[in-house]
Amino acid sequence: MKFAREAWPFVLPFPLLAGALLAAGRRPSAAVSLAAGAAVLLFFRDPERTWEGDEATVLAAADGVVTRLDAVEDPAVGDGRFHRVVTFLSAFDVHVQRVPASGVVVASRFHRGRKIAAFLAHADTVNEAHLTVIERPGGERIGVRQIAGLLARRVVCYLTPGEPVERGQHLGLIKFGSRVDLLVPESFQVLVAPGDRLRNGATPVARPGS
C-alpha cells in the first residue's frame, strides 16, 4: 500500500512518542501511540486504481458517497450549465484525489475560507477550497472543486495552469474529512446517482452525449 507524501509530518510524531514511552517503561502507552499513528496513516493511503474503458468517459475524482446531483452555473469553470456531482468523504475514505479526464489545466485557484461541516449544502461557498479546471481536446471543461470540511486542515492541489494531465494521475488531497464537487457539461450523461459509492480513478461518472 502506498501513502501520500503529506502523511509523514502527521504520522512520524507517534512512533517517536512511542519510542520515548517505551524507554520510560510505559509499554501500554507506547502501544496506544503506535496504534494512533497507524490510524492517522490510513487517512493518507493511496491505493492503485485503473480503468480501461473509453477515453471519453469522465472518472470519479474522489472516493466517497454521492450526496447530491444537480445542475449549476459556475463561471469559474466555464460558460453554460454543468452537472454537479457532490461527493462526501468521511474520515474513513481515501483522501487522495485523481484527475477525472485527460486534457490541459486551464485554471487552478485556491480560495481561503471557513471549515464548516462539508455535508452542508452551502459549504462550497464558504469553506476553504481549491478549483481545478481541465479543458479536454474537444474544448469541454471539467471542474474539480476540493472543499475542506470540519476536520480538514488543508486542501492540497498538485497541478498548475498550462500543465497537460492524464486521466487517473494524482490531482491532490484533502487532509481528513471533506467534500469534492465534480462538474461536467450539462450535455454529458451522468452515470451515477445519490447514494452511490465512488472510487477515484476507477468509477465512471459521466460521458459525452445526453
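**Exercise 1.** In this predicted model, find what share of the contacts with a separation of 6 or more comes from residues 24 or more positions apart, and state what percentage of the residues is buried.

*Solution.* Take the contacts in the protein with a separation of 6 or more: residues 24 or more positions apart account for 70% of them. Next, turn to burial, where a residue counts as buried under 20% relative accessible area. Of the 210 residues, 50% count as buried. Finally, the exposed surface comes to about 9,900 Å², with 59% supplied by carbon and sulfur atoms.

**Exercise 2.** Work out which strands stand at the edges of the eight-stranded open sheet.

*Solution.* Start from the secondary structure, which comes to four helices and 14 strands. Eight strands form an open sheet with antiparallel pairing, in the order β9-β5-β6-β7-β11-β3-β2-β13. β9 (164–165) and β13 (197–198) each have a single partner strand, so one side of each lacks a neighbour in the sheet. Within the sheet, β3 and β11 run antiparallel and are joined by eight bridges. Val85 stands opposite Leu182 in β11.

**Exercise 3.** Describe the largest cavity and the kinds of residue that line it.

*Solution.* First, count: the structure holds one cavity of 30 Å³ or more. The largest cavity contains about 40 Å³ of space. Then list its lining: Ala60, Ala61, Ala62, Val85, Thr87, Val180, Leu182, Leu198 and Val205. Two elements, β3 (81–89) and β11 (178–185), give two or more residues to this lining. Last, sort the lining residues by kind: eight are nonpolar, one is polar and none is charged.

Terms used
Residues are numbered from 1 along each chain as its sequence is written. This is a predicted model: local features need pLDDT of at least 70, side-chain atom pairs count only at pLDDT 80 or more; totals for chains, interfaces and linings use all residues. Side-chain values use heavy atoms; hydrogens and water are left out. On a 1 Å grid over the protein atoms alone, a cavity is a set of points where a 1.4 Å probe fits but cannot get out, and a pocket is an open set with protein on both sides within 12 Å along at least five of seven lines; lining residues have an atom within 4 Å of a point. Grid points are joined across faces, edges and corners, and a volume is the space filled by probe spheres set on the points. Ala, Val, Leu, Ile, Met, Phe, Trp, Tyr, Cys and Pro count as nonpolar, Asp, Glu, Lys and Arg as charged, and the others, Gly among them, as polar. Two strands pair if DSSP finds at least two bridges between them. Buried means under 20% relative accessible area, exposed over 50%, partly exposed in between (1.4 Å probe, protein chains only). Contact means heavy atoms within 4.5 Å. Accessible areas come from the Shrake-Rupley method with a 1.4 Å probe; for residues, only the protein chains shown count as cover.
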